[in-house]
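Hello,

Here is the structure I promised to pass on to you. Please have it open while you read, as my notes follow below.

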Amino acid sequence: MKDNELIRKNYTEYNLNELEQDCWTRLVIGASKSRSPFHTPCVATLNSGEVNMRTVVLRKTIPVDKELRFHTDIRSPKWNELSINSSISALFYDSEERIQLRVKGKAVLHHTNDMTAKAWETTSLSSRKCYLTHFSPSSFSDGSTSGLSEEIEQENFTLAESEVGYENFGIVSIQVQSIDWLWLNHAGHRRAFFDYSDGSFQWMIP
Ligand SMILES: Cc1cc2nc3c(=O)[nH]c(=O)nc-3n(C[C@H](O)[C@H](O)[C@H](O)COP(=O)(O)O)c2cc1C
């Protein structure tokens with residue numbers, strides 16, 4: 001499917017099944033196209049009852065498994081938060097199409113397994129830099145810094161030398177439990193809820 005097949009749809013003519021498929025098509029494109037507005041969702045986790053949000057890059061969407069994945073440094077706070085409470089929510093908004101998706105699910109954390117090995121193999125040198133900071137991401141520093149040595153900052157290192165970063169590399173797999181779809185339309189907004197816990201698809205009042 002071409003990207004432009006997705007734009008300017010009249011969703012008033014859609015049934016719930018078509019809409020649900022459309023959500024997953026957008027999420028698949030979001031993972032593969034860096035220019036897609038769905039490429040960088042905001043992801044929320046809980047830390048002792050307090051909400052934490054941050055932007056991540058959507059790396060993979062597997063519609064058949066109702067699964068979304070993003071990569072992170074296992075030393076970052078979100079990893080610990082998710083290991084304590086796996087509840088996770090991802091927020092997507094396409095301002096051109098005026099579509100919002102509120103995805104809720106449970107996170108499954110992957111570290112040093114087949115999934116991470118495969119993804120790490122195809123992670124570019126510049127992306128590997130993210131996993132090569134001396135101190136943990138989100139820790140405080142004495143001054144303004146990337147947290148990287150000068151060699152790494154300048155990408156003056158080999159792929160083999162970047163292998164130490166693999167220990168810090170993790171994949172968060174979101175097992176989607178529901179999608180709340182909202183479409184803003186001048187002639188009347190539309191909203192639907194897809195609940196995978198009981199398989200029900202329902203219209204909602206926007
Ligand atoms: C456009 C954009 C994309 C980002 N992608 C990721 C990502 O894929 N994984 C990640 O861990 N952090 C990513 N970040 C950084 C996070 O937003 C966040 O600052 C960092 O991971 C620390 O989060 P934490 O302290 O909640 O763990 C991204 C930030 C931006 C602005």
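Let me begin with one residue: Glu155, at 33% relative accessibility, counts as partly exposed. Please keep in mind that this is a predicted model.

Glu155 has a partner, since its side chain meets that of Lys129 in a salt bridge (3.4 Å, N to O). Lys129 sits in the loop between H4 and H5, while Glu155 sits in the loop between H5 and S7, so the pair links distant parts of the chain, 26 residues apart. Lys129 is buried, with a relative accessible area of 17%; the cut-off for buried is under 20%.

Other salt bridges

The whole structure has 10 salt bridges. Side chains of opposite charge can pair when their charged atoms come close.

Glu163 and Arg128 form another of these pairs, at 2.8 Å from N to O. Glu163 is in the loop between helix H5 (150-153) and S7, and Arg128 is in helix H4 (residues 125-128), so this salt bridge ties together parts that are 35 residues apart in sequence. Where do the two partners stand on accessibility? Arg128 is buried at 2%, whereas Glu163 is partly exposed at 39%.

Then there is Asp180, which forms a salt bridge with Arg191, with the closest N and O atoms 2.5 Å apart. Asp180 belongs to strand S7 and Arg191 to strand S8, so the pair ties together parts 11 residues apart in sequence. Asp180 is buried, at 5% relative accessibility, and Arg191 is buried too, with a relative accessible area of 16%.

Lys9, Asp22, Arg26 and Glu97 are linked in a network of salt bridges.

The chain as a whole

Stepping back, the chain has 5 helices and 9 strands. Along the sequence they follow the pattern α-β-β-β-β-α-β-β-α-α-α-β-β-β. The C-alpha atoms fill a box of roughly 55 × 40 × 35 Å, taken along the principal axes. The chain has 206 residues, of which 41% count as buried. Of the contacts between residues at least 6 apart in sequence, 63% join residues at least 24 apart. The accessible surface comes to about 11,900 Å², and 49% of it belongs to carbon and sulfur atoms.

The nonpolar cores

How many residues are in the largest nonpolar core? It has 31, and those with the most contacts inside it are Leu27, Leu68, Phe92, Leu101, Ile179, Trp181 and Phe194. At least two residues of this core come from each of helix H1 (16-32), strand S4 (67-73), helix H2 (77-84), strand S5 (87-94), S6, strand S7 (169-183) and strand S8 (190-195). A second, separate core of 7 residues includes Met115, Ala119, Trp120 and Ile171.

Phe92 is a good residue to click on. Leaving aside residues up to four places away in sequence, Phe92 touches Leu27, Phe38, Pro41, Leu58, Leu68, Ile99, Gln100, Leu101 and Val103.

Helix H2 also deserves a look. Which of its residues are buried? They are Lys78, Trp79, Glu81 and Leu82. These residues cover an arc of only 165° around the axis, which puts them on the same side of H2. An α-helix has 3.6 residues a turn, so residues three or four places apart point the same way. The buried residues of H2 pack against S1, S2, S4, S5, S6 and S7.

The surface and two loops

On the outside, Leu46, Val51 and Met53 make a nonpolar surface patch of about 300 Å². Met53 lies in strand S2 and counts as exposed, at 61% relative accessibility.

Two loop residues have a positive phi although neither is glycine. For Ser48, phi is near 50°. Ser48 is in the loop between strand S1 (42-47) and strand S2 (50-55), and it is exposed, with a relative accessible area of 75%. For Thr112, phi is near 40°, also a positive value in a residue other than glycine. Thr112 is in the loop between strand S6 (99-111) and helix H3 (114-121) and is partly exposed, with a relative accessible area of 40%.

Happy browsing, and best wishes!

Technical notes. Residues are numbered from 1 along each chain as its sequence is written. This is a predicted model: local features need pLDDT of at least 70, side-chain atom pairs count only at pLDDT 80 or more; totals for chains, interfaces and linings use all residues. Side-chain values use heavy atoms; hydrogens and water are left out. Helices (H or I, at least four residues) and strands (E, at least two) are DSSP runs, numbered from the N terminus. Buried means under 20% relative accessible area, exposed over 50%, partly exposed in between (1.4 Å probe, protein chains only). A nonpolar core is a set of buried Ala, Val, Leu, Ile, Met, Phe, Trp, Tyr and Cys residues joined through side-chain atoms within 4.5 Å. Contact means heavy atoms within 4.5 Å. The arc is that of the directions from the helix axis to the C-beta atoms. Patches are made of residues with over 30% relative accessible area and no salt bridge: like charges are joined within 9 Å, nonpolar side chains (Val, Leu, Ile, Met, Phe, Trp, Tyr) within 5 Å. Accessible areas come from the Shrake-Rupley method with a 1.4 Å probe; for residues, only the protein chains shown count as cover. A salt bridge is a side-chain nitrogen of Lys or Arg within 4 Å of a carboxyl oxygen of Asp or Glu.
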